[in-house]
Amino acid sequence: MTEPAELVIVPHTHWDREWYLPFQRFRLRLVTVLDRLLVQLADDPRARFTLDGQTAAVDDYLAIRPEQDGLVRQLVGQGQLAVGPWRVLADSFLCSGENLLRNLELGLRRADELGGAMRVGYLPDQFGHCAQLPQILRIAGIHDACVWRGVPEAVEGTWFQWVAPDGTGVRTRYLPEGGYGGAAGVFADADPAVVRRRATEHARALRRWQPHGLLLGMYGTDHSAPVDGLADLVEAASRRAAQDETTRPAAANGQDGETRMRLDTLAGFFAGLAAERRPGDGSQNSDGYVEVRGENHVEIHGELRSHARANILPGVLSSRISLKQALSRAERLVERYAEPLVALYGHRDAAQPFLDLAWQRLVDSSCHDSVTGCGVDATAEQVAARIAEADDLGRAVVDLVLSPIAATVPDGGHLLFNPSPRPRTEVVTLSLPADRTLVTAAGEAVPCQVLETEQTGYADETVPAAGLDRYLRKIHGRELYGLQITAWDVDAASRSIEFELASACDLAFDVADVRAAAEASGIEAWRIKVRTQPRHTVAAQVEVDALGLAAITAASYEPASGAVAPDVVAGRGSPSALDNGLMHVALRSDGLLDVLAADGTHAAGLGLVVDGGDLGDEYNYAPPARDRLVSVPDEVWNRVRWNGPLTGALESVRWYRWPRRGEPVSLRGETGARSDQTETVQHPRPTEVTTRVELRRGEPFVRLTVSFDNRCDDHRVRLHLPLPRQADRSHAEGQFAVVDRPRQAEGGFGERPVPTFPAYGWIAAGGLAVLLDHVSEYELVDDGHTLALTLLRSVGLLSRNDNAWREEPAGPQLPTPGAQCHGVRTVELALFLYAGEWHESGLLDAAERYRHPFTTVPGSGRKADCVPDVPPGGIEISGHGVVLSSCRDVGREGPEVRLVALRPEPTIATIASADACGDVAMRPWQIMTIAARNASWDRSDASPT
């Protein structure tokens with residue numbers, strides 16, 4: 001027999017800002033629900049409501065109902081309405097760790113402005129949770145979490161200790177028996193007797209998980225408000241239960257005691273746990289909170305991605321993959337370029353409003369029904385526009401800071417920014433006049449390799465002499481077609497007038513001179529040619545200090561100054577091979593790669609493109625029962641693109657006949673097959689897949705670019721990368737951690753536990769690391785001998801009612817033609833080989849170099865003899881495994897940096913700037929925020945607010 005239950009009813013709603021309807025249509029529903037809710041709360045001081053842990057819902061409402069601002073603040077202040085701590089409920093695997101911290105920062109600040117934030121890490125519906133969330137919550141001063149999805153089978157009660165990789169823990173409440181809607185059916189009937197019976201049934205179900213202590217009943221569903229008169233109904237049902245207890249023994253006929261109910265917010269429920277101390281123990285534990293009756297002390301370490309207790313819908317990792325690509329790139333632009341430039345080189349007053357808006361767009365896009373790509377097409381289009389806006393805001397800030405400095409660099413030169421906290425020497429791609437070369441500020445020649453030469457023609461027409469004056473009116477000063485006239489010639493012998501254009505020049509030009517020369521010749525008709533100055537696209541090797549700026553300028557071309565030692569050689573040992581002394585890569589006749597590292601690590605047959613069917617939906621991959629994999633191309637064509645000395649590139653073009661679509665019911669009566677049709681009238685040619693392989697001087701990795709035009713439906717395309725050695729586990733970087741994963745996923749609930757996993761920055765397994773441009777889905781296949789990276793997943797339904805690999809729908813069955821992802825798909829990545837363990841190699845440095853290239857800005861100085869005025873600055877950070885997450889100006893004296901120890905052992909971070917230097921000890925996997933104050937670097941353990 002269990003004790004009589006006290007069931008704390010928490011009325012709430014789960015609010016998807018956008019999903020099967022786009023944002024504004026859901027906002028109209030939000031306004032309707034909150035209009036009703038605020039009346040309920042204002043009319044009855046007993047009423048309580050928890051607004052889904054995200055302040056965005058409040059802001060979305062008040063933007064339409066600004067007159068309700070005072071009432072909202074009053075209700076929050078009185079404890080009737082719980083808001084925060086997040087701005088939105090993000091998918092923690094598909095955004096950066098910095099995004100998660102800023103999300104919490106924005107949510108807490110806004111909730112505190114409204115009267116006080118709910119200090120509970122409420123995570124009701126996200127599709128699993130990243131490993132470092134406990135540490136992120138504790139940084140914000142939050143000690144409690146509440147979760148549903150992703151909880152492993154080892155959790156057998158409602159409480160567990162969730163521990164981050166650094167050892168930080170939060171007391172976590174698991175929501176069994178229906179998740180955030182577990183008590184939704186209790187109040188479906190207004191009869192107190194029915195409510196009492198259903199509450200007792202729900203309490204009994206919860207008691208199987210928690211024999212003692214307060215029970216939590218989450219009363220709410222998606223986009224809903226509580227029934228009117230809820231407080232009266234709860235009191236009436238509880239009063240009847242109390243009466244029954246006085247007239248009937250609690251265990252009469254073997255039945256448990258009746259259930260008493262009370263209303264509260266989720267914040268109130270956790271606050272009330274202090275009264276539930278264990279008998280004889282009133283002390284706090286080592287983590288600073290009071291232990292309560294009914295807790296289960298099982299510790300769960302790291303990420304929550306188990307399928308054992310609820311569906312985690314892993315297909316969202318690869319649905320509408322272009323959204324993931326766009327968000328990852330926009331996050332990097334703001335985190336590692338725009339914010340550091342402002343922090344170190346000024347313009348804070350002008351830039352900060354744009355940075356604030358960029359962060360709001362990035363955070364809003366990380367929502368668990370947004371970047372996941374599991375909504376309708378209209379939702380995805382709006383998410384893409386929001387991410388593009390964040391990207392534009394980041395680029396605007398970069399331009400704001402760098403353009404004035406670039407204006408001191410003559411045309412043909414370039415300004416460069418190194419976003420890394422360490423000095424770097426890199427090969428970059430630049431453009432300059434064909435008759436010029438590059439030199440450093442000290443006058444030293446910059447090593448260069450010409451990749452391409454381009455000259456654009458703007459006009460080539462014959463104009464009678466009588467009409468010449470009309471044509472010459474297009475010239476305004478020196479400007480013609482938006483460019484500057486850098487040279488001109490009137491040639492009577494060829495009866496031609498030629499203009500050469502460039503972006504800038506200081507030529508003394510007067511159109512009257514052209515007119516006079518033409519009139520003096522007596523020619524009756526002129527051939528007018530207008531073209532740009534010939535320009536080279538070059539690979540150049542440049543050195544830039546840590547988080548610093550550098551300028552290189554154009555000088556008169558001298559052949560001797562362009563000589564470069566042949567570090568990158570094409571054809572060494574094979575007609576289709578590249579070697580830079582650190583890596584050797586050979587392109588085979590079948591389009592696959594063999595790679596050898598300097599330490600002897602070797603991988604063979606890399607780059608197999610495998611296309612298979614997918615009759616799943618945006619939430620879950622599901623292959624047809626009669627699948628047909630296509631991995632052998634019909635034709636292969638290879639060539640050498642560049643052959644050194646600074647960069648070498650090989651290209652392979654492969655043609656495949658991919659099935660045109662999937663068929664949910666095959667002609668043989670099976671549940672799914674792939675079409676036999678491979679071409680259509682509109683697209684009669686096979687699919688062309690182009691792979692570019694590039695090796696640059698000094699880089700210990702091989703760059704790959706894979707591109708194809710997807711014209712097929714219902715399929716998944718993966719890149720297979722055989723490993724140097726068999727791997728039983730993989731390591732994936734993401735959200736301030738490196739997660740160690742087995743080959744298999746834990747199952748047990750209502751979906752196939754596919755072992756596809758997310759990685760944000762890189763994946764390492766069996767001696768091969770894949771450096772990523774954006775968050776990606778991967779799987780170890782072939783018994784751990786091969787890593788499969790998802791390049792594309794095309795599906796046509798939001799949720800398929802009869803998905804073969806999921807028991808129940810994940811949402812409404814709505815068509816999503818945009819999720820077929822037609823059009824050109826380009827994926828960029830790099831391959832890094834290592835011996836031993838990943839953390840003992842140079843993997844972190846390689847990932848930093850690949851993922852954060854130098855920013856280059858063309859010089860725009862109008863005078864050829866102007867002198868670059870590049871301000872000093874920068875911060876240098878060193879330490880084994882120490883990675884920079886952000887560098888920003890927070891209004892205090894000097895910048896603030898956030899560091900992460902991506903290392904399983906303690907380390908020391910050394911931070912040096914022009915006027916400050918310091919060492920800071922870091923524990924493994926620690927996230928640390930450090931500020932420069934009074935010429936010293938001080939650790940800050942404050943909340944993100």
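The following exercises, with worked solutions, concern a predicted model.

**Exercise 1.** Determine whether the end-to-end distance of helix α4 (residues 97-114) agrees with the expected span, and how far the helix is enclosed.

*Solution.* Step 1: the expected span of a helix is 1.5 Å times one less than its number of residues. Step 2: for the 18 residues of α4, this rule gives 26 Å. Step 3: the end C-alpha atoms of α4 are 26 Å apart, so the two values agree. Step 4: a residue is buried under 20% relative accessible area. Of the 18 residues of α4, 14 are buried; the helix is therefore largely enclosed by the rest of the structure. Step 5: the residue that follows α4 is G115, with a positive phi near 135 degrees.

**Exercise 2.** Describe the sheet that contains β34 and β41.

*Solution.* Step 1: the sheet is open and has 5 strands, in the order β27-β34-β41-β40-β37, with antiparallel pairing. Step 2: β27 (608-613) and β37 (757-759) are the edge strands, since each pairs on one side only. Step 3: on average, neighbouring strands are turned by 35 degrees against each other, direction ignored. Step 4: antiparallel strands β34 (residues 715-722) and β41 (residues 786-794) are joined by 8 bridges. Step 5: L719 has L789 in β41 as its bridge partner.

**Exercise 3.** Locate G185 and classify its exposure.

*Solution.* Step 1: G185 belongs to the loop between β7 (169-174) and α6 (192-207). Step 2: the relative accessibility of G185 is 41%, which means that the residue counts as partly exposed. Step 3: V401 is 216 residues from G185 along the chain, and their C-alpha atoms are separated by 57 Å.

Key:
Residues numbered from 1 in each chain as written. Predicted model: local features only at pLDDT ≥ 70, side-chain atom pairs only at ≥ 80, totals over all residues. Heavy atoms only, no water. Helix = DSSP H or I, 4+ residues; strand = E, 2+ residues; numbered from the N terminus. Buried < 20%, exposed > 50% of the residue type's maximum accessible area, 1.4 Å probe, protein only. Pairing = 2+ DSSP bridges. Axes fitted to C-alpha atoms, helices over the stretch in contact; angles between N-to-C directions.
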